[in-house]
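This report describes a protein and DNA assembly shown below. It takes up the DNA surfaces, then the contact between the protein chains, and then single residues.

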There are 2 protein chains.
Amino acid sequence: MATTSSAKSGTTTTGAGAAPTTGARAGAAQRGRPRSFDREAALEQALRLFWERGYEATSVADLTAVMGIRPPSLYAAFGDKRALFDEVVARYRESHGAYSARALAEEPTARAGVARMLREAAAEATDPDHPWGCLLISSTVNCTSPEVVEAVRALRNANVRALESLIRADVAAGHEPAGADPAALAQFTATVVQGMSQRARDGATRAELERVAADAMRVWP
Amino acid sequence: MATTSSAKSGTTTTGAGAAPTTGARAGAAQRGRPRSFDREAALEQALRLFWERGYEATSVADLTAVMGIRPPSLYAAFGDKRALFDEVVARYRESHGAYSARALAEEPTARAGVARMLREAAAEATDPDHPWGCLLISSTVNCTSPEVVEAVRALRNANVRALESLIRADVAAGHEPAGADPAALAQFTATVVQGMSQRARDGATRAELERVAADAMRVWP
DNA sequence: CGCCTTCTGTAGTGGTCGATATAGAATCTC
DNA sequence: GAGATTCTATATCGACCACTACAGAAGGCG
């Protein structure tokens, strides 16, 4: 369900990132003054700030401060605040948020995948090395731009539907008890994950959330 | 755990609300030009808007528009945006958010109280007559004012601790199986409630969340 | 070198933010 | 009625918002 990325070409200093419309030169020789900052590093800093404060509460001035650049550089490299946020969301799904798709893809059954996903969500949401909770869940809760809200909400709801499909396929294949209700289990799991993100932001510990994750698995038939 | 209100004197047109510092005259005769708007009605409109958009994304201009007043009237009656929000939070806890404390107080056991609270949370969070989700959970997720964030977070965490105490007392009284872990059950319940609020804002239906609420009760020993 | 291209820093743009000075209107007490 | 008091409407305030015009700097290419 995640990791639909598009190249993004692991450049280090001189850009050529794959933002759809901006900051990208096709393939070969670069002309003109080279970019003087690390685009990936700046993007990661933006990600941390959006993660911590959310889309709307993070100002362009805040962003340029932590990215170590001036506004014209930000706009030249990323387009505008919205496009930068879109790139941040994509980066998040491929990095800090990728554990979820990995767990569901790598475990032999949906039940094992969900158990691992919840366990890792508890660890991830409370990791002291980065902001607490999940960027996809918290960054657009209070946001006046309907487009931004809807874009991220669509990702969340797509994840719920993908999980439901996964469970349904597993039930059909006989890997889960016949009593398992795919839609209900997907909705319940999504509710717990999103609640864990909020609880982590309120200061719940990793141990507490791991207990929540373990308890949640008792709901499976 | 809720309903710690202080009089607030159910006045209809001519104010005398109980805002700690502002807009309140002691008890008796009012002097000067009377307020020309319904303070309670204006407060309810502010509550709806804060509920829908959150604290920071709701501007004073938005507020005065839905309240039908001009900025000086808002500041004279409520102090400032922050004080207005505090009153809104208090009003919410005594009205739309009171179902939770009621359920826990009125049911004979903690387990029955939690079951009812979760069931009613599903209905409340998806009620088409007002914004979705829970104001206490969603309105300060992305907020640059640490004081506002902390104030509402403290209310949420106090609710978790109160629930834990309730369950613990019930376990001690022998109303719950000895295997019941009060802290874990409180944390799990809080996680589900907060997740339900988020899911409601993402469009989950009442039926879906009622199923989540029922499923969550399977975690109890 | 000179030219072209692209990036960077300074210094802003108009707009909106929360909050208010001021003056007039409305009601009280006397 | 006179004066005190309180509320309301107009018209702002400085600060910040996302964003950009402009000119100079830094590289490629001939």
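Which residues are closest to DNA strand D, and how many surround it? In this predicted model, DNA strand D is surrounded by 26 residues, and the closest are A:R33, A:S59, B:G32, B:R33 and B:S73.

**The DNA surfaces**

Both protein chains contribute to the surface near DNA strand D: the elements that give two or more residues are α2 (60-67) and α3 of chain A, together with α3 of chain B. The largest share comes from α3(B), with five residues. Sorted by class, this surface has 13 nonpolar, five polar and eight charged residues.

DNA strand C also has 26 residues around it, and those that come nearest are A:G32, A:R33, A:S73, B:R33 and B:S59. At least two residues each are supplied to the surface near DNA strand C by α3 (71-78) of chain A and by α2 (60-67), α3 (71-78) and α4 (81-94) of chain B. Here α3(A) gives the most, with four residues.

The class counts for the two DNA surfaces and for the protein interface are set out below.

| Surface | Nonpolar | Polar | Charged |
|---|---|---|---|
| Near DNA strand C | 12 residues | five residues | nine residues |
| Near DNA strand D | 13 residues | five residues | eight residues |
| Side of chain A that touches chain B | 12 residues | 12 residues | 10 residues |

**The contact between chains A and B**

Between the protein chains, 34 residues of chain A are in contact with 34 residues of chain B. On the chain A side, α7 (135-138), α8 (146-172), α9 (182-201) and α10 (206-216) each supply at least two residues. The most come from α9(A), which gives 11 residues.

How are the two copies related? Two copies of a chain are related by a rotation about an axis and a shift along it. In this model, a turn of 180° and a shift of 0.0 Å along the axis lay chain A on chain B with an RMSD of 0.0 Å. The two copies are therefore related as by a two-fold rotation axis. The residue of chain A that comes closest to this axis is A:G195, with its C-alpha at 1.8 Å. Of the interface residues of chain A, 100% are also interface residues in chain B, so the copies meet through the same surface.

**The fold of chain A and the core**

Chain A has 10 helices and zero strands. Buried residues account for 42% of its 221 residues. Of the contacts in chain A between residues at least 6 apart in sequence, 64% join residues at least 24 apart.

In soluble globular proteins, nonpolar side chains tend to be buried together. The largest nonpolar core in this model has 104 residues, of which A:A46 and B:A46 touch the most other members. Leaving aside residues up to four places away in sequence, B:A46 touches B:L63, B:M67, B:L84 and B:V88.

**Three alanines of chain A**

Three alanines in helices illustrate lower degrees of burial. A:A65 is found in helix α2 of chain A. A:A65 is exposed, because it has 12 other C-beta atoms within 10 Å and a residue with 12 or fewer counts as exposed. The C-alpha atoms of A:A65 and A:A121 are separated by 30 Å, and the two residues are 56 apart along the chain.

A:A183 lies in helix α9 of chain A. With 15 C-beta neighbours inside 10 Å, A:A183 counts as partly exposed. From A:A183 to A:A61, 122 residues apart along the chain, the C-alpha separation is 43 Å.

A:A207 has its place in helix α10 of chain A. A:A207 has 10 C-beta neighbours inside 10 Å and so counts as exposed. A:A207 and A:E150 are 57 residues apart in sequence, and their C-alpha atoms are 33 Å apart in space.

**Confidence**

Chain A averages a pLDDT of 89, and 87% of the residues score at least 70. Over residues 1-28 of chain A, pLDDT stays under 50. For this stretch the model has 53 contacts beyond four places in sequence. Where pLDDT is low, the predicted coordinates should not be read in detail.

Technical notes
Residues numbered from 1 in each chain as written. Chains lettered and ligands numbered in written order. Predicted model: local features only at pLDDT ≥ 70, side-chain atom pairs only at ≥ 80, totals over all residues. Contact = placed C-beta atoms within 7 Å. Nonpolar A, V, L, I, M, F, W, Y, C, P; charged D, E, K, R; others polar. Near = placed C-beta within 6 Å. Least-squares fit on C-alpha atoms with pLDDT ≥ 70 in both. pLDDT = per-residue confidence, 0-100. Buried ≥ 20, exposed ≤ 12 C-beta atoms within 10 Å, placed from the backbone. Core = buried A, V, L, I, M, F, W, Y, C linked by C-beta atoms within 7 Å.
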